[in-house]
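Biologist: I'm new to this structure and don't want the whole tour at once. Please give me a close look at the ligand's surroundings, then carry on to whatever else helps me find my way around.

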Amino acid sequence: MVEATLVLTPKDFKSEVKPTWCPGCGDFGVLSATYQSLASLKVPPDQTVIVSGIGCSSRFPHFMKTFGFHTVHGRALPLAQGLKMARPDLNVVAIGGDGDFFSIGVGHLIHAALRNIDITAIVMDNETYGLTKGQTSPTSPHGHVTKSTPYGLMASQFNPIATALSLNVGFVARGFSSKPKEMAALIQQGVNHRGFAFIHVLSPCPTFYNTFDAWKATVTPVPADHDPTNRFKAMELAMETEHPYMGLFYKEERPTMDQAAQELAKKAKEFDIDRYMERYV
Ligand code: SF4
Ligand code: MG
């Protein structure tokens, strides 16, 4: 949740560093949606911090004219949560890919959900490890053949939306990189949500595993009559993997850990230690 103060344009969030992604990479669409959504939110760039892990998509902070932190593999979430606890006035966004968030960093997703600290996570999922040249990731489909899985992937495919819903994350949505306008609206809602917001983005890697045509043909908007307060219905939509749904699956606001810590700190400041000590003298 952030307070709007200024009139800003997407250009105000664009750094001088030219994105180094391959031509056609889905991450370009996510970047432009992020510029757009932050400008619409009217939060000055110096009040936003983009925290990333390691991977192609984790180069993101370099392309933003906000504060940023390109951390270590899988650790965007713990760093973003610590930052928000220390600086609740800032708009904190954790960014990364499927390898980063759902492989080495997946344990952090559970604790971010339980703590419900007011940050936004945007996960660019291309179902592959793009940076290291196309090995399988947790979201690669069962049977996927790569140089490192010549007989086909033997593991099952991870379902990010169903996992977030099962962890009772209070804001769960999915975007598609070739629909930046719709995605910008979801990012805006996610940042405005008070609590942990999880946005899964289908963002193809045309260089090592091109899912663009398949997703373009199958991605379906969440039905207009979907009630985003109905977690069971949201779970039903999440289980549809042949035609992945795009949009807001679930939203519920509840107490956040950063808010609770601020209230506790306020009480501690008001605490009269002399009166308390009188009991013992
Ligand atoms: Fe994007 Fe794939 Fe190129 Fe990485 S390797 S920049 S994910 S297209
Ligand atoms: Mg990936």
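Modeller: I'll begin at the ligand, follow one residue there, and then move on to a helix and some charged pairs.

First, some ground rules: this is a predicted model, where local features need pLDDT of at least 70 and side-chain atom pairs count only at pLDDT 80 or more, while totals for chains, interfaces and linings use all residues. Residues are numbered from 1 along each chain as its sequence is written, chains are lettered from A and ligands numbered from 1 in the order in which they are written, and side-chain values use heavy atoms, with hydrogens and water left out.

Around ligand 1 you'll find W21, C22, C25, C56, N126, G130, C205, P206, T207 and F208 (to be near, a residue needs a heavy atom within 4 Å). Sorted by class, that shell holds 7 nonpolar, 3 polar and no charged residues (Ala, Val, Leu, Ile, Met, Phe, Trp, Tyr, Cys and Pro count as nonpolar, Asp, Glu, Lys and Arg as charged, and the others, Gly among them, as polar).

Let's stay with N126. It sits in the loop between β4 (120-125) and α5 (160-166) (helices, H or I of at least four residues, and strands, E of at least two, are DSSP runs numbered from the N terminus). N126 counts as buried because its relative accessible area is 11% (buried is under 20%, exposed over 50%, partly exposed in between, with a 1.4 Å probe and protein chains only). Beyond neighbours within four places in sequence, N126 is in contact with D98, S203, P204, C205, Y209 and W215 (contact means heavy atoms within 4.5 Å).

Now hop over to L186, in helix α6 (residues 180-192). L186 is buried too, at 6% relative accessibility. Though L186 and T34 are 152 residues apart along the chain, their C-alpha atoms are separated by 9.9 Å.

Then there are the charged pairs: the whole structure has 4 salt bridges (a side-chain nitrogen of Lys or Arg within 4 Å of a carboxyl oxygen of Asp or Glu). One of them joins K233 and E236, at 3.0 Å from N to O. These two share helix α8 (residues 231-238), 3 residues apart, about one turn of the helix. K233 is partly exposed at 34%, whereas E236, at 52%, is exposed. Another bridge pairs E253 with K251, their closest N and O atoms being 3.5 Å apart. E252 and R254 make one as well, at 3.1 Å from N to O.
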